[in-house]
Amino acid sequence: MIHLARALARLVALLLLIALATTGLAVAVFSIEGGRSGLSLPALARHLHLPELRGTVGRFLAQLERGGGIDLVPLLAGLGAVILGVVLMIGVLRSPRDRTVVLDEDDDAGSTAARRRPLAELAGVLAGQADGVTGARVKVRPGRHGGGRLAVRVSHPPARAGAEVKAAATDALSTLTEETPLSARVSARRAGPGERGR
């Protein structure tokens, strides 16, 4: 959702910059001559039908001021503008989730970090080596102040107890979690018919 909002904010910013540049160029060109014809600002206003637009907007605003029943079109337009504004503000102000996990921080030497995907692959290999594990899926969630959490889901054959396989996978992951500020939460499920056990 955040990535979509940021992409929309970038697109709207690009379109606004193009519109602003085009408007500035048009105003600069039509400011070459004075008077009301040729390359003049009154001529530009006539080309853009601004007097008619002013009359249309004036009638629309007067209709809104009269009150009475709620007109559906202005209501939907207003709600759409509010929703679009909120989405754009989220896209501009909210930063995307950090894709790295800080494993070690030192004021003198700097920090050591790893990307989430390779870290998840490493944890999956370690968990997959545990006795009774037929497969492992890992999701890495970075912590706010360094470190992170590994959500590990291992599968096991029906003949093996889930608690036993879960303990074996947790023990296999300890080589990673003991050396880094990572915590692991392991869950176990039975392997499907197509998965082979060890």
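Exposed means over 50% relative accessible area, buried under 20%, and partly exposed in between. These exercises use that scale on a predicted model.

**Exercise 1. Arg137**

Place Arg137 in the fold, decide whether Arg137 is buried or exposed, and find the charge patch that holds Arg137.

*Solution.*
- Step 1. Arg137 sits in strand 3.
- Step 2. The relative accessible area of Arg137 is 64%. The cut-off for exposed is over 50%. Arg137 is therefore exposed.
- Step 3. On the surface, Arg137 belongs to a patch of positive charge with Lys139, Arg141, Arg149, Arg153 and Arg185.
- Step 4. Two strands, strand 3 (135–142) and strand 4 (148–156), each supply at least two residues of that positive patch. Strand 3 gives the most, with 3 residues.

**Exercise 2. Glu105**

Find the strand of Glu105, classify its exposure, and list its partners in the negative patch.

*Solution.*
- Step 1. Strand 1 (residues 100–106) contains Glu105.
- Step 2. Glu105 has a relative accessible area of 60%, so Glu105 is exposed.
- Step 3. Glu105 gathers with Asp104, Asp106 and Asp108 in a surface patch of negative charge.

**Exercise 3. Gly143**

Locate Gly143, assign its exposure class, and state how far Gly143 is from Val101 in sequence and in space.

*Solution.*
- Step 1. Gly143 belongs to the loop between strand 3 and strand 4.
- Step 2. Its relative accessible area is 33%. Partly exposed runs between the 20% and 50% cut-offs. Gly143 is therefore partly exposed.
- Step 3. Gly143 and Val101 are 42 residues apart in sequence. In space, their C-alpha atoms are 7.4 Å apart.

**Exercise 4. The largest nonpolar core**

Give the size of the largest nonpolar core, name the residues with the most contacts inside it, and trace the elements that build this core.

*Solution.*
- Step 1. The largest nonpolar core has 21 residues.
- Step 2. Val138, Val140, Leu150, Val152, Val154 and Leu173 have the most contacts inside this core.
- Step 3. Strand 1, strand 3, strand 4 and strand 5 (182–190) each supply at least two residues of this core, as do helix 5 (116–128) and helix 6 (162–177).
- Step 4. Helix 5 gives the most to this core, with 5 residues.
- Step 5. For context, nonpolar side chains tend to be buried together in soluble globular proteins.

**Exercise 5. Ala130**

Place Ala130, decide whether Ala130 is buried or exposed, and give its separation from Ala169.

*Solution.*
- Step 1. Ala130 is in the loop between helix 5 and strand 3.
- Step 2. Ala130 counts as buried because its relative accessibility is 5%.
- Step 3. Ala130 and Ala169 are 39 residues apart in sequence, while 5.2 Å separates their C-alpha atoms.

Note on methods. Residues are numbered from 1 along each chain as its sequence is written. This is a predicted model: local features need pLDDT of at least 70, side-chain atom pairs count only at pLDDT 80 or more; totals for chains, interfaces and linings use all residues. Side-chain values use heavy atoms; hydrogens and water are left out. Patches are made of residues with over 30% relative accessible area and no salt bridge: like charges are joined within 9 Å, nonpolar side chains (Val, Leu, Ile, Met, Phe, Trp, Tyr) within 5 Å. Accessible areas come from the Shrake-Rupley method with a 1.4 Å probe; for residues, only the protein chains shown count as cover. A salt bridge is a side-chain nitrogen of Lys or Arg within 4 Å of a carboxyl oxygen of Asp or Glu. Lys and Arg count as positive and Asp and Glu as negative; His and the chain ends are not counted. The place of a charge is taken as NZ of Lys, CZ of Arg, CG of Asp or CD of Glu. Helices (H or I, at least four residues) and strands (E, at least two) are DSSP runs, numbered from the N terminus. Buried means under 20% relative accessible area, exposed over 50%, partly exposed in between (1.4 Å probe, protein chains only). A nonpolar core is a set of buried Ala, Val, Leu, Ile, Met, Phe, Trp, Tyr and Cys residues joined through side-chain atoms within 4.5 Å.
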